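Please open the structure in your viewer and keep the selection panel at hand. The stops below are given in the order in which they are best visited.

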Protein chains: 2
Amino acid sequence: MRVLIVEDAADVSEAIAIRLGKFGMACDVADTCESAEDYLAVQRYDVVVLDINLPDRNGTELLQDMRSAGNRTPVLMLTALFSVDDRVTALDLGADDYLIKPFDQRELEARLRALVRREAEQKSDVVTLGPLKFSPAGLSATLEDVPLNLTRREATLLELLLRNQKTPLSKKRLYDGLFAFEDADVGVNAIELYIARLRKKLAASSVSIETRRGVGYRICNNG
Amino acid sequence: MRVLIVEDAADVSEAIAIRLGKFGMACDVADTCESAEDYLAVQRYDVVVLDINLPDRNGTELLQDMRSAGNRTPVLMLTALFSVDDRVTALDLGADDYLIKPFDQRELEARLRALVRREAEQKSDVVTLGPLKFSPAGLSATLEDVPLNLTRREATLLELLLRNQKTPLSKKRLYDGLFAFEDADVGVNAIELYIARLRKKLAASSVSIETRRGVGYRICNNG
DNA sequence: GCAAACCTGTCACGAACCTGTCATGAGCGA
DNA sequence: TCGCTCATGACAGGTTCGTGACAGGTTTGC
């Protein structure tokens, strides 16, 4: 899951990012509306945490721009001053939830999960490919009903591949799904590594990951 | 098991919470419809105990909102004035059970367990895994018919694991099932501790708790 | 009321495992 | 054949997990 945190107080955003990171959420941090727009232009997020008070513009304006541009990503507003008016405005503009500072980190996490869950309720079902079953709920997979022991990264990668069986996924795309910007120094080679590790675990079955040189990877079943 | 108690009489809600707490249920208390909605937005509950008479709105309205928002959490209505009309209304709106004040605490417990059981489609009260039998009513378990001496927390954890044998449960999920919001400062490490303690008690049997690093825990029987 | 027993959760440290880099070699296309 | 992309084993570093010891709190029994 990928989260964009738009917040100018570095200490706050960092605390959030570290904490969410521990629960497997990939966090990017923007400290102005402008940089937030850059992030949003480049990357799809599962949810956005948006402070109202930002140095360059008001967070509600950013929200408004997002919505009028057709961006339906769930947004959680965050602010110290949240009058009833602000709150109504925010919700009317398309915010999905709000939280008043100071807030409890655990509550933030819970609300984010609730938002994402609401969004992902439909696609949380089990994905199947021949003898391979993947359950996003527990990040677990079985091959001919024998559990595969996948690590978190392996599971994420497998999910990406399974959800896009038609088209090969470029290494870039996989990379974006697997790592946040802050993992900036991770080499692209890491993707190859995880593909190799997945292949090893799938070796005994009819499911395989095929390479399209210069294009990407695709998972398929030759059963 | 996680319970939301919506009741404005503090003495009543507190009594319920303390009592249910002793049976390993993590209870959050809301004294208005509004705060109840906040809780519901943030946290998944196994069951809601809902008073009809609340200061801000009628409990049935809250119930109606929940159902129309697609929330299928079992609800037990609670009230002093329960005419047949009220009762019919409540059930029509999607309440799963009702109880007339004053009521016996033990009856409340029993009904809550029944509701949750119905939801989990458990035929019998007792959950079994190989030589391990768990009875939620008394929070007691036996291993090869020898009683295991479980503490409240251990028993709650075991129940969570047993009711979700298919998918590994994340530490976060276990945490949410074990602790209420008011236990806010408990560290995540506590989960590891209780897992260790449970393992010790299960050591002599074929039942074990496996770790999925970075993903969660799962109980299974290697008999 | 008091004391003993027990439950609960923190801390700290070591072990186990995951993660990503590097380096080397294979495979493919031109 | 050359140059590139990809595959994969080995390894270091970091993170997550397991567990013993302990302090504070609660329950139990007297």
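Begin in chain A by selecting strand β4 (residues 75-79), where five of the five residues are buried, so that the strand is largely enclosed by the rest of the structure. Bear in mind throughout that this is a predicted model. If you show the side chains of β4(A), you will find both faces covered, with Val75(A), Met77(A) and Thr79(A) buried on one side and Leu76(A) and Leu78(A) buried on the other.

Next, add the partners of this strand. Strand β3 (residues 47-51) of chain A runs parallel to β4(A) and is joined to it by four bridges, and in this pairing Asp51(A) stands opposite Leu78(A). Strand β5 (residues 97-100) of chain A is likewise parallel to β4(A), again with four bridges, and here Leu76(A) is the residue that faces Asp97(A).

Now move to chain B and select its open sheet, in which five strands with parallel pairing follow the order β2-β1-β3-β4-β5. At the edges lie β2 (26-30) and β5 (97-100) of chain B, each of which pairs on one side only, and from one strand to the next the twist averages 20 degrees. Within this sheet, β1 (residues 2-6) and β3 (residues 47-51) of chain B pair in the parallel sense over four bridges, with Leu4(B) opposite Val48(B). Adding helix α1 (residues 10-22) of chain B shows a helix lying across β1, β2 and β3 of chain B, at about 170 degrees to β2(B).

Helix α3 (residues 59-68) of chain B is the next selection, and its buried residues are Gly59(B), Thr60(B), Leu62(B), Leu63(B) and Met66(B). Looking down the axis of α3(B), you will see these buried residues fall within an arc of 155 degrees, so they line one face of the helix. Just after α3(B), stop at Gly70(B), which takes a positive phi of about 85 degrees.

Finally, turn to the DNA. Around strand C there are 26 residues, the closest being Thr151(A), Gly187(A), Thr151(B), Arg152(B) and Gly187(B). The elements that give two or more residues to this surface are α6 (152-162) and α8 of chain A, together with α6 (152-163) and α8 of chain B. Its residues divide into six nonpolar, eight polar and twelve charged.

Around DNA strand D, select the 21 surrounding residues, of which Glu192(A), Ala196(A), Thr211(A), Ala196(B) and Thr211(B) come nearest. Here the elements giving two or more residues are α8 (189-202) of chain A and α8 (189-202) of chain B, and the surface comprises six nonpolar, six polar and nine charged residues.

Notes
Residues are numbered from 1 along each chain as its sequence is written. Chains are lettered from A and ligands numbered from 1 in the order in which they are written. This is a predicted model: local features need pLDDT of at least 70, side-chain atom pairs count only at pLDDT 80 or more; totals for chains, interfaces and linings use all residues. A residue is near a molecule or strand if its C-beta atom, placed from the backbone, lies within 6 Å of it. Ala, Val, Leu, Ile, Met, Phe, Trp, Tyr, Cys and Pro count as nonpolar, Asp, Glu, Lys and Arg as charged, and the others, Gly among them, as polar. Two strands pair if DSSP finds at least two bridges between them. Axes are lines fitted to C-alpha atoms, for helices over the stretch in contact, and angles run from 0 to 180 degrees between N-to-C directions. Two residues are in contact if their C-beta atoms, placed from the backbone, lie within 7 Å. A residue is buried if 20 or more other C-beta atoms lie within 10 Å of its own, exposed if 12 or fewer, and partly exposed in between; C-beta atoms are placed from the backbone. The arc is that of the directions from the helix axis to the C-beta atoms.
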